[in-house]
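Please work through the exercises below with the sequence and the model at hand. Each task is followed by a solution in steps.

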Amino acid sequence: MRLYSRCVWAALLSVGLNTALAVDYSWSGYGTIGYVRSDQPYNTQRFINNRGTLARDSLLGLQLDAKFNSHWSATVQGQMSPADDDDNLWTPKLSWAFLSWRPTNDWLIRVGKSRLLGYLNSENIDVGWTFDYARLPIEVYSTAPSVDFTGISISKTWEQWEGDLSLEVFWGSTDTAARYSVRNTIPGYIDSGPLFIPIQMEAKGIVLSYQRLDNLYRISFYRPSAERNDGGEWVDRPVLVNPMPGISYYSFLPETQLPQRSRQDISTIFVGADIGLSHNIRLATEYAKRSVKEASGGVNSSGGYVSLRRQTGRWTPYLYYAWLRSEDAALDLNRALNQTSVPAWIPNAPLINASQHAAADLFLAYDQQTWALGASYVLTSKSKLKLEWARTYIGVGSNLVDAPPDSEISDQVINLFSLSYNFIF
Amino acid sequence: MDNRLILLALLLFSCAVSQSSAENIIVIGNPTLPKLDRVTVEKLFTGRIIEVNGQPATVVNAAPGTLERKQFLATILAKDEDQYLAYWTVRRFIGKGTPPKDCASSREIIEFVKSQPGGIGYIRANERTPELNVLMEP
């Protein structure tokens with residue numbers, strides 16, 4: 001049993017023994033029924049294609065809050081949504097199960113399973129009612145390997161006259177899966193289609209936030225470390241071999257002595273702000289930069305968005321621009337892998353050529369930009385409709401797109417049309 | 001004629017003043033609590049603080065739709081009902097608390113703050129009685 005779980009059970013037991021059992025329970029829930037369709041036959045964001053889908057955005061969540069007294073409370077949240085490790089399954093999952101202790105006004109300690117801090121909306125990422133976009137910009141919100149973790153977070157707040165400055169640190173871990181899309185089957189080695197690699201991710205980070213009235217500013221440093229749960233290792237970079245003059249390819253054979261490691265440390269710096277301008281206009285912007293020092297894959301990237309939205313009665317129209325781009329070296333490697341082939345007379349030429357494409361799929365590359373225009377409409381105080389048109393340009397390539405076999409998705413445009421009903425209760 | 005006009009004006013003025021007083025709200029609390037300023041009351045009702053001078057505080061709201069609740073939200077929190085609901089919805093779904101309980105009537109609020117250590121609520125000014133601990137008059 002992990003240390004965190006022992007702490008949670010010990011704390012719950014001590015609260016139960018020390019508290020007169022006048023617990024205040026409160027049920028709540030949230031959900032989204034979302035339909036989205038693209039103008040392309042291949043999938044983007046796991047599920048979206050020109051046949052349309054409800055899978056990308058639809059979900060249902062239930063939350064139970066138990067307030068023991070002013071200082072102690074507990075929260076459990078469950079959710080039904082597409083599985084993290086299977087594109088064809090919907091599974092219930094426990095999103096939150098944490099104990100909260102607030103010894104004074106300024107300190108908040110939470111132990112258990114909760115959500116990653118650091119992004120402006122990482123904690124409420126699944127509650128569509130709480131934001132106006134059809135979905136939070138994937139260019140930023142895909143940069144965290146997972147938003148869930150089981151561990152501890154500690155927050156200290158300093159009250160200013162009209163605002164609060166808070167510093168939060170968190171440390172924990174989660175079991176999740178890294179998803180790749182493989183274009184071509186290599187018999188005996190890899191199958192085409194979605195590939196889920198189970199990983200255990202340890203997350204630690206520090207977040208500094210300043211909130212004044214309705215304006216929020218945040219900067220955070222987050223360091224997830226990922227270990228594969230399937231016994232495999234992370235390859236830092238492929239090795240270029242020259243079997244004979246004028247012919248080269250990237251080798252992944254064990255005897256090539258690939259640089260690899262059991263744990264991959266990702267450093268992520270995040271900056272964000274959501275501020276009110278004049279005339280009811282709000283500006284929101286987030287920027288995330290990821291780097292893996294030892295590796296040359298496309299995870300070394302930066303992404304961000306800038307949005308403007310304006311509430312006018314029940315309507316809140318918005319416009320945003322988002323981008324996600326891997327470092328030039330990663331994009332160069334991706335191009336090289338996709339373009340490398342050896343002549344047929346080279347021994348094992350078909351296997352070598354197929355491995356180059358597979359490597360391009362596994363080393364990741366991101367080069368996309370999105371313009372999105374949409375609006376939310378408040379139906380009632382507990383429900384809203386959202387409508388959005390998003391236009392994404394794929395440059396060199398993007399691992400957020402499932403390229404069909406024997407093809408590359410580059411220099412292409414994908415239009416997404418989204419309509420969703422978001423509610424709370 | 002002039003005297004009657006003046007009398008009518010005075011009568012109308014006194015009605016306006018008494019109506020205004022009836023709509024004013026006062027913040028009341030348990031006898032153990034000190035006077036509070038507007039910023040502290042705002043922070044208590046938005047969950048940003050949970051205690052006053054080291055004493056745990058429990059705040060309660062008037063029922064949704066009541067005049068005193070609308071006035072309190074507008075005067076102290078600068079929010080309307082929908083904005084207040086939205087604020088607490090976000091706070092709930094980022095795991096940072098649940099909104100204060102709603103009381104069905106002023107009597108319930110008064111009984112709560114009298115009996116609950118750290119209890120804080122608000123009522124109409126014309127429901128004030130001498131034994132109540134008035135923490136703030138906006």
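The exercises concern a predicted model, and they treat strands, a helix, salt bridges and a surface patch in turn.

**Exercise 1. Determine the strand order of the open five-stranded sheet in chain B and identify its edge strands.**

Step 1. Following the pairings across the sheet gives the order β5-β4-β6-β1-β7 in chain B, with mixed pairing.

Step 2. The edges are β5 (101–103) and β7 (133–136) of chain B, each of which pairs on one side only. From one strand to the next, the twist averages 40°.

Step 3. At the β5 edge, three bridges connect β4(B) (residues 58–62) with β5(B), and these two strands run parallel. Within this pairing, Asn61(B) has Asp102(B) as its bridge partner.

Step 4. Helix α3 (residues 67–77) of chain B lies across β1, β4, β5, β6 and β7 of that chain, at about 110° to β6(B).

**Exercise 2. Characterise the salt bridge of Asp102(B) and decide whether each partner is buried or partly exposed.**

Step 1. The partner of Asp102(B) is Arg69(B), with the closest N and O atoms 2.8 Å apart.

Step 2. The pair links distant parts of the chain, since Asp102(B) belongs to strand β5(B) and Arg69(B) to helix α3(B), 33 residues apart.

Step 3. Buried means under 20% relative accessible area. Arg69(B), at 5%, is therefore buried, whereas Asp102(B), at 39%, is partly exposed.

**Exercise 3. Establish which salt bridge of Arg92(B) joins two chains, and assess the burial of its partners.**

Step 1. The side chain of Arg92(B) meets that of Asp65(A) in a salt bridge of 3.5 Å, N to O.

Step 2. Arg92(B) lies in helix α4 (residues 81–93) of chain B and Asp65(A) in strand β2 (residues 59–67) of chain A, so the pair joins two chains.

Step 3. Arg92(B) is buried at 13% relative accessible area, and Asp65(A) is buried at 6%.

Step 4. A contact between the chains also involves Asn124(A), which is found in the loop between β5 and α2 of chain A. Beyond its neighbours within four places in sequence, Asn124(A) touches Thr130(A), Phe131(A), Phe93(B) and Ile94(B). At 4% relative accessibility, Asn124(A) is buried.

**Exercise 4. Describe how β20(A) pairs with β19(A) and β21(A).**

Step 1. Strand β19 (residues 315–326) and strand β20 (residues 366–380) of chain A run antiparallel and are joined by eleven bridges. Tyr321(A) stands opposite Trp371(A) in this pairing.

Step 2. β20(A) also pairs with β21(A) (residues 383–398), in the antiparallel sense, over 13 bridges. Here Tyr366(A) has Ser398(A) as its bridge partner.

Step 3. Two residues separate β20(A) and β21(A), which form a hairpin.

**Exercise 5. Explain why helix α2(B) is described as largely enclosed.**

Step 1. The buried residues of α2(B) are Val39(B), Val41(B), Glu42(B), Lys43(B), Leu44(B) and Phe45(B).

Step 2. Six of the eight residues of α2(B) (residues 38–45) are thus buried, so the helix is largely enclosed by the rest of the structure.

Step 3. After the helix comes Gly47(B), with a positive phi near 75°.

**Exercise 6. Locate the nonpolar surface patch of chain A and name the elements that give two or more residues to it.**

Step 1. The patch has about 770 Å² of accessible area together, and its members include Trp107(A), Ile206(A), Phe221(A) and Tyr287(A).

Step 2. The elements that give two or more residues are β8 (193–212), β9 (215–222) and β16 (267–276) of chain A.

Step 3. Ile206(A) lies in β8(A) and is partly exposed, with a relative accessible area of 36%.

How values were computed:
Residues are numbered from 1 along each chain as its sequence is written. Chains are lettered from A and ligands numbered from 1 in the order in which they are written. This is a predicted model: local features need pLDDT of at least 70, side-chain atom pairs count only at pLDDT 80 or more; totals for chains, interfaces and linings use all residues. Side-chain values use heavy atoms; hydrogens and water are left out. Patches are made of residues with over 30% relative accessible area and no salt bridge: like charges are joined within 9 Å, nonpolar side chains (Val, Leu, Ile, Met, Phe, Trp, Tyr) within 5 Å. Accessible areas come from the Shrake-Rupley method with a 1.4 Å probe; for residues, only the protein chains shown count as cover. A salt bridge is a side-chain nitrogen of Lys or Arg within 4 Å of a carboxyl oxygen of Asp or Glu. Helices (H or I, at least four residues) and strands (E, at least two) are DSSP runs, numbered from the N terminus. Buried means under 20% relative accessible area, exposed over 50%, partly exposed in between (1.4 Å probe, protein chains only). Two strands pair if DSSP finds at least two bridges between them. Axes are lines fitted to C-alpha atoms, for helices over the stretch in contact, and angles run from 0 to 180 degrees between N-to-C directions. Contact means heavy atoms within 4.5 Å.
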